[in-house]
Amino acid sequence: DKCHELEAMRDLRDNYIRHLPVGNEIIEAYYIFAPEIVKRIEAMNNAAEIWAGLYETFISNCVAYVDAGQYKKAYLTYLHMIQYVQVTTGIGE
């Protein structure tokens with residue numbers, strides 16, 4: 001719960017997303033949909049592969065951008081990840 005990746009994503013949430021015009025709505029949507037996304041991924045036969053892919057393709061890049069103070073790039077990468085996850089899990093259909 002206190003790993004570097006989670007701390008970086010919280011930093012992105014608290015210091016960038018929250019201050020966007022619709023930031024609070026984005027954060028609320030995360031708390032609504034994230035548990036269902038996790039549940040759906042965990043139910044898939046290739047869940048470990050999906051988690052590894054999300055980390056490699058999106059999360060590690062978000063963290064690197066946050067570490068570099070490039071919050072907008074981190075945020076855009078996060079949004080891309082959410083779109084990918086929606087397609088992968090069928091959330092939002």
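A disulfide is a pair of cysteine sulfur atoms within 2.5 Å. By that yardstick this predicted model holds zero disulfides. The sulfur of C62 sits 13 Å from the closest cysteine sulfur, the one in C3, so the pair is too far apart for a bond. Beyond the cysteines, there's a pocket of about 920 Å³ to look at, plus a nonpolar core of 21 residues.

**Cysteines**

- Looking from the other end, the closest cysteine sulfur to that of C3 belongs to C62, and at 13 Å it is too far off for bonding.
- The two cysteines also sit in different accessibility classes: C3 is partly exposed, at 34% relative accessibility, whereas C62 is buried, with a relative accessible area of 0%.
- C62 turns up again among the contacts of T77, a residue of helix 4.

**The largest pocket**

- The largest pocket comes in at a volume of about 920 Å³, and 29 residues line it.
- If you want to find its centre on the model, go to Y30, A34, Y78, M81 and I82, which are the lining residues closest to it.
- Four helices each put at least two residues into the lining: helix 1 (4–15), helix 2 (23–42), helix 3 (47–67) and helix 4 (71–89).
- Helix 2 gives the largest share of that lining, with 10 residues.
- Sorted by class, the lining is made up of 24 nonpolar residues, three charged ones and two polar ones.

**The nonpolar core**

- Within the largest nonpolar core, which has 21 residues, the members that touch the most other members are L12, I17, I41, L54 and Y78.
- Helices 1, 2, 3 and 4 each contribute at least two residues to this core.
- Here the largest share comes from helix 3, with seven residues, while for the pocket lining it comes from helix 2.
- Y78 features in both places: it is one of the lining residues closest to the pocket centre, and one of the core members with the most contacts to other members.

**I17, a core residue in a loop**

- I17 is found in the loop between helix 1 and helix 2.
- I17 counts as buried because its relative accessible area is 5%, and the cut-off for buried is under 20%.
- Setting aside residues up to four places away in sequence, I17 touches L12, G23, I26, I27, Y75 and Y78.
- Two of those partners, L12 and Y78, are listed with I17 among the core members that touch the most others.
- I17 and Y71 are 54 residues apart along the chain, yet their C-alpha atoms are separated by 8.7 Å.

**Two threonines in helix 4**

- T77 lies in helix 4 and counts as buried, at 15% relative accessibility.
- Apart from its neighbours within four places in sequence, T77 is in contact with F58, N61, C62 and Y65.
- T89 lies in helix 4 too, and its relative accessibility of 9% puts it in the buried class.
- Not counting residues up to four places away in sequence, T89 touches I37, R40, I41 and M44.
- I41, one of those T89 partners, is also one of the core residues that touch the most other members.

Definitions and conventions:
Residues are numbered from 1 along each chain as its sequence is written. This is a predicted model: local features need pLDDT of at least 70, side-chain atom pairs count only at pLDDT 80 or more; totals for chains, interfaces and linings use all residues. Side-chain values use heavy atoms; hydrogens and water are left out. On a 1 Å grid over the protein atoms alone, a cavity is a set of points where a 1.4 Å probe fits but cannot get out, and a pocket is an open set with protein on both sides within 12 Å along at least five of seven lines; lining residues have an atom within 4 Å of a point. Grid points are joined across faces, edges and corners, and a volume is the space filled by probe spheres set on the points. Ala, Val, Leu, Ile, Met, Phe, Trp, Tyr, Cys and Pro count as nonpolar, Asp, Glu, Lys and Arg as charged, and the others, Gly among them, as polar. Buried means under 20% relative accessible area, exposed over 50%, partly exposed in between (1.4 Å probe, protein chains only). Contact means heavy atoms within 4.5 Å. A nonpolar core is a set of buried Ala, Val, Leu, Ile, Met, Phe, Trp, Tyr and Cys residues joined through side-chain atoms within 4.5 Å.
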